[in-house]
Amino acid sequence: MVKMILIAIGAPLVAFAIGLSFMMIKRKIVARIQRRYGPTIIQPIYDVLKLLVKEDNISHGVIFSLGPIIAIAGSILAVFFIPMAGFSMLTGSGDLIALLYIMAIGSLGMALGAGDSANPNASIGISRALTLMFGYDLPLVIIVISVALQYHTTNLSDIVAAQANGNWTLWTLPLSAIVGFVVTYGALGEHPFDIVTAPHEVATGPMVEYGGKHLGFLMISHAFHIYIEIALFVDLFLGGASNILIFYLKMFAVFFIMIMFDEVLPRFKIDDAVRFYWKWPTVVALISLIIVLVK
Amino acid sequence: MERMTEEQVKTIANMLRKRSLWMIHYCTGCGAMELPPTMTSRYDMERFGLAPYVTSRQADILLITGYLNVKTLRRVITVYEQMLDPKYVIGFGSCALNGGVYWDSYAVIKQLDRYIPADLYIAGCMPRPEAIISAFRHLMELIDSGKADGYKRYKRNLAYYKENQRKVLG
Ligand code: SF4
């Protein structure tokens with residue numbers, strides 16, 4: 001019992017620490033790519049804490065204040081489902097399907113809160129966020145089905161166990177892995193898929209009216225978001241990990257490749273992004289599904 | 001014990017505030033031209049934890065980059081009042097100080113401090129990126145010692161500021 005409680009508190013903390021460390025490293029790497037010195041490595045911690053100690057916190061309504069909390073709560077729930085280095089809190093058959101639904105809660109929480117602010121930029125941002133989700137969910141569902149068919153299970157822990165001894169899905173289903181990478185990439189909102197928060201177009205979109213501690217909570221939920229998306233990719237395609245260090249290294253490798261792409265690409269329009277997702281990733285995912293079915 | 005902790009909390013909060021200053025990217029005059037080099041690779045102000053942000057709710061610093069005409073003043077006041085406390089204002093270039101080249105213009109504000117409380121001025125027409133960065137460093141020192149209290153002054157002397165604003169805005 002005590003062990004369960006410890007894990008219940010520990011798992012989100014570890015997830016948050018990993019996500020935050022990625023945020024820190026990202027800013028430094030981006031700076032180096034742009035040939036700058038870059039901020040101190042713990043700059044995101046200063047930013048979040050500064051936002052939390054702001055004296056003024058303007059709220060535009062109950063849902064506005066609850067939005068970031070819903071986003072964090074949804075993320076923590078998702079963390080419990082994803083096997084982290086060998087164990088996961090909530091398992092059962094079909095948790096992969098449940099996870100697909102739970103992962104949407106974060107975006108929905110943000111959408112609810114931002115909608116309450118009645119700022120036109122926020123509304124445009126939300127409609128973009130949900131449209132983009134609509135775009136990448138189709139290939140995501142197809143690859144999840146192919147992975148589930150490949151291992152004859154929808155239990156994430158079993159999927160991880162089946163990939164033991166270097167028998168990764170990345171090698172057995174390379175096409176699905178590529179699509180999974182593109183989908184994860186879009187879900188994280190890196191360039192060219194940063195349509196949702198595009199500062200030059202919609203003034204950070206859903207976050208436009210958020211300031212003070214609400215914005216701080218949104219940054220915290222972003223750290224969770226990074227962890228969830230990449231951890232799911234690692235579990236599905238890179239065979240999970242038996243200890244936290246290897247898990248971290250695998251996640252970091254994925255994230256590092258993402259930053260490299262992120263820094264050199266411009267931004268899609270929202271209709272182009274959806275068209276992109278429904279064209280190439282969907283077609284490739286379908287081919288991979290057919291391969292699994294024929295095998 | 002209680003009072004002691006409150007004091008300590010304030011010190012820690014100020015320490016955090018000075019390390020992470022977000023400025024709203026709202027440019028009024030030609031001095032704004034010097035900001036891109038300050039932000040980008042050449043002078044890289046992100047080293048000091050400064051970053052440009054796009055909305056008034058998220059930002060901590062408001063830069064009045066040069067001359068401020070009456071039409072813009074209205075927007076600047078809205079932006080300033082939308083920002084969340086604690087907030088800081090930097091007057092940029094001699095135009096914000098005393099009118100500069102526009103000292104006899106009918107459409108331009110001469111002294112920024114009469115309309116919104118400036119914490120700091122940068123002299124020069126236009127100030128170089130080095131001057132801007134040293135101004136930011138100075139602002140950090142002011143925040144650390146609790147002297148950057150423009151937002152408190154604005155609340156305390158609201159009638160005075162509103163009176164001045166009304167005179168030019170009508
Ligand atoms: S001080 Fe000089 S550079 Fe700055 S706004 Fe005035 S005229 Fe332009």
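A salt bridge is here a side-chain nitrogen of Lys or Arg within 4 Å of a carboxyl oxygen of Asp or Glu. In this predicted model, the side chains of Glu46(B) and Arg36(A) meet that criterion, with a separation of 2.5 Å from N to O. Between chain B and chain A the count comes to 6 salt bridges, and 18 residue pairs, both at pLDDT 80 or more, are in polar contact across the two chains.

The contact itself draws 31 residues from chain A and 24 residues from chain B. Joining chain B and chain A buries an area of about 2,400 Å², and carbon and sulfur atoms give 54% of that area.

The ligand is surrounded by residues of chain B, among them Cys30(B), Cys95(B) and Cys125(B), the tyrosines Tyr67(B) and Tyr102(B), and also Val101(B) and Met126(B). Gly66(B), Gly93(B), Ser94(B) and Gly124(B) belong to this shell as well, which by class holds 7 nonpolar and 4 polar residues but no charged ones.

Turning to enclosed space, the structure holds 3 cavities of 30 Å³ or more, and the largest has a volume of about 50 Å³. Gly66(B), Tyr67(B) and Cys95(B), which also surround the ligand, are included in the lining of this largest cavity, together with Ile64(B), Leu68(B), Ala96(B) and the run Ile109(B), Lys110(B), Gln111(B) and Leu112(B). The lining divides into 7 nonpolar, 2 polar and 1 charged residue.

Terms used:
Residues numbered from 1 in each chain as written. Chains lettered and ligands numbered in written order. Predicted model: local features only at pLDDT ≥ 70, side-chain atom pairs only at ≥ 80, totals over all residues. Heavy atoms only, no water. Near = heavy atom within 4 Å. Nonpolar A, V, L, I, M, F, W, Y, C, P; charged D, E, K, R; others polar. 1 Å grid on protein atoms, 1.4 Å probe; cavity = no way out; pocket = protein on both sides within 12 Å on 5 of 7 lines; lining within 4 Å. Points joined across faces, edges and corners; volume = space filled by probe spheres on them. Contact = heavy atoms within 4.5 Å. Buried area = accessible area lost by both parts, 1.4 Å probe. Polar contact = N/O pair within 3.5 Å; in protein donor to acceptor, adjacent residues only side chain to side chain.
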